[in-house]
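The following note is offered to a colleague beginning to read protein models. Please keep the sequence and the structure in view while going through the numbered points.

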There are 2 protein chains.
Amino acid sequence: MSEPADPKSRRGPWTVRGARPIYDNPWISVVEYDVLNPKGGPGIYGEVGFKNLALGVVPIDHRGWTVLVGQHRFPLDLYSWEIPEGGGDPALDPQHSVARELAEETGLAAAHYAEILRLHLSNAVSDEAAILYLAWDLTPGPAHPEDTELLALRWLPLDEAVAMAVGGAITDAMSVAALLAVDRMRRTGAWPDGFDPALRAVLAP
Amino acid sequence: MSEPADPKSRRGPWTVRGARPIYDNPWISVVEYDVLNPKGGPGIYGEVGFKNLALGVVPIDHRGWTVLVGQHRFPLDLYSWEIPEGGGDPALDPQHSVARELAEETGLAAAHYAEILRLHLSNAVSDEAAILYLAWDLTPGPAHPEDTELLALRWLPLDEAVAMAVGGAITDAMSVAALLAVDRMRRTGAWPDGFDPALRAVLAP
């Protein structure tokens, strides 16, 4: 067979020979690709496409405390404590979107944001991408969660949230990675540019 | 309406009124549920079910170096450096499965394993669960990757791998979380029980 003319029919060492749309809803789509694998063998690849960016934020108040959001996660059928998270339209500024999610879920407004990590959450099956932030200089306000969210809030020292992440009480991957990244900033002193000097002192190990 | 008799029709504050199978392959299944959300409003929930556990391991050699695996990830169409990872049959011992993946991808056998994190990778959409390990006391051998894997290996000091994780050169969520968890062990000295005393000294910050 000749090489396919469409460059999109190659993905690195994979060849795409066809695509079959399987499913679509407002949040995800599923496509099954007919592929040749890197060794040239035929196969299928079922891919889950995400319509939103996954966004999360570790807000830190003047005491060095953060806030976790608790909710029942439908796919796992279990209660999960997490950093404030939500989906953002990829066409919009992600920091604007994460600020909206933080306000909706907790009522908080943060004067400062710094991006701390970019992740791909499940790269063998999906294209889901996440951006995680640190936020500080917080102002409280009324929360207004969506109808799909029945949320609890829990304020605790950053250290206790990190202990939950390494001890198994927090299992959400975005939350664990973000809290460990902030813990590393504490231990190395490598805070984002412009981070509050008073908070550096409060959080010094 | 009366309360549904089947207790499985409740998931926390969500009510499941029906389920429509959408897709199934050897790795994932997709089901669209007809639900009532926590506020009682009708809606749908598209859920991706995973047939395997996601497993990953940070192997550390006697120098305090680890090995990353590079491969082109099909769903993102990008090249990704990651800790050794693979899927494990949930009916089997996950440590046995991760040892098999480590051997397939790198040829390494590890005399000791310790579980370091359990994660849920994308809990708003999928039930995908991950278990991450630290492994040490390594013996080299021949690698034998699957046909779907065209892998590169890269040995580097643990510190450099952690720098890649916080600097954006590693974006795979399992890899970032695992490397940050091991970095925290270095900085706190809170290594797993039985961890090699000589390696503790090599890795002391």
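**Note on salt bridges, strands and the interface**

1. Glu85(A) has a relative accessible area of 9% and is therefore buried, since the cut-off for that word is under 20%. The model in which this residue is seen is a predicted one.

2. What does Glu85(A) meet in a salt bridge? Its partner is the side chain of Arg73(A), at 3.8 Å from N to O. Arg73(A) belongs to strand E6 (residues 65–73) of chain A and Glu85(A) to strand E8 (residues 85–88) of chain A, so the pair ties together parts that are 12 residues apart in sequence. Arg73(A) also counts as buried, at 11% relative accessibility.

3. Chain B offers another pair of this kind, formed by the side chains of Arg11(B) and Glu47(B), which meet in a salt bridge at 2.8 Å, N to O. Arg11(B) is located in strand E1 (residues 10–11) of chain B and Glu47(B) in strand E4 of chain B, so this salt bridge ties together parts that are 36 residues apart in sequence. Both Arg11(B) and Glu47(B) are buried.

4. A further salt bridge lies within a helix. Arg100(B) and Glu104(B) have their closest N and O atoms 3.6 Å apart. The two residues are 4 apart in helix H1 (residues 94–106) of chain B, which means that about one helical turn separates them. Are these residues buried or partly exposed? Arg100(B) is partly exposed, at 34% relative accessibility, whereas Glu104(B) is buried, at 13%.

5. Some salt bridges share partners, and in this way Asp159(A), Asp183(A), Arg186(A), Arg187(A) and Arg184(B) are joined into one network. Over all chains, the structure holds 28 salt bridges. As a general principle, side chains of opposite charge can pair when their charged atoms come close.

6. The strands of chain B deserve attention next. Strand E3 (residues 28–36) of chain B is mostly covered, with 8 of its 9 residues buried. On one side, E3(B) pairs with strand E2 (residues 14–24) of chain B in the antiparallel sense, over 8 bridges. A hairpin of 3 residues joins E2(B) to E3(B), and Thr15(B) stands opposite Leu36(B).

7. E3(B) also pairs with strand E4 (residues 42–50) of chain B, again in the antiparallel sense, over 9 bridges. Here Leu36(B) stands opposite Pro42(B). The hairpin formed by E3(B) and E4(B) has 5 residues between the strands, and Gly40(B) in the turn has a positive phi of about 95°.

8. How many residues does each chain bring to the contact between chain B and chain A? Chain B contributes 67 residues and chain A contributes 67 residues. The area buried between them is about 5800 Å², and carbon and sulfur atoms give 65% of that area. On the side of chain B, Phe74(B), Asn123(B) and Arg184(B) lose the most area to chain A, together 14% of what that side buries.

9. The interface is also crossed by charged and polar pairs. The rule finds 2 salt bridges across it, and the side chains of Arg184(A) and Asp183(B) meet in a salt bridge at 2.9 Å, N to O. In addition, 18 residue pairs are in polar contact across the interface. Helix H3 (residues 173–188) of chain B supplies the largest share of the side that touches chain A, namely 9 residues. By class, that side of chain B has 35 nonpolar, 13 polar and 19 charged residues.

Notes. Residues numbered from 1 in each chain as written. Chains lettered and ligands numbered in written order. Predicted model: local features only at pLDDT ≥ 70, side-chain atom pairs only at ≥ 80, totals over all residues. Heavy atoms only, no water. Contact = heavy atoms within 4.5 Å. Buried area = accessible area lost by both parts, 1.4 Å probe. Salt bridge = Lys/Arg side-chain N within 4 Å of Asp/Glu carboxyl O. Polar contact = N/O pair within 3.5 Å; in protein donor to acceptor, adjacent residues only side chain to side chain. Nonpolar A, V, L, I, M, F, W, Y, C, P; charged D, E, K, R; others polar. Buried < 20%, exposed > 50% of the residue type's maximum accessible area, 1.4 Å probe, protein only. Pairing = 2+ DSSP bridges.
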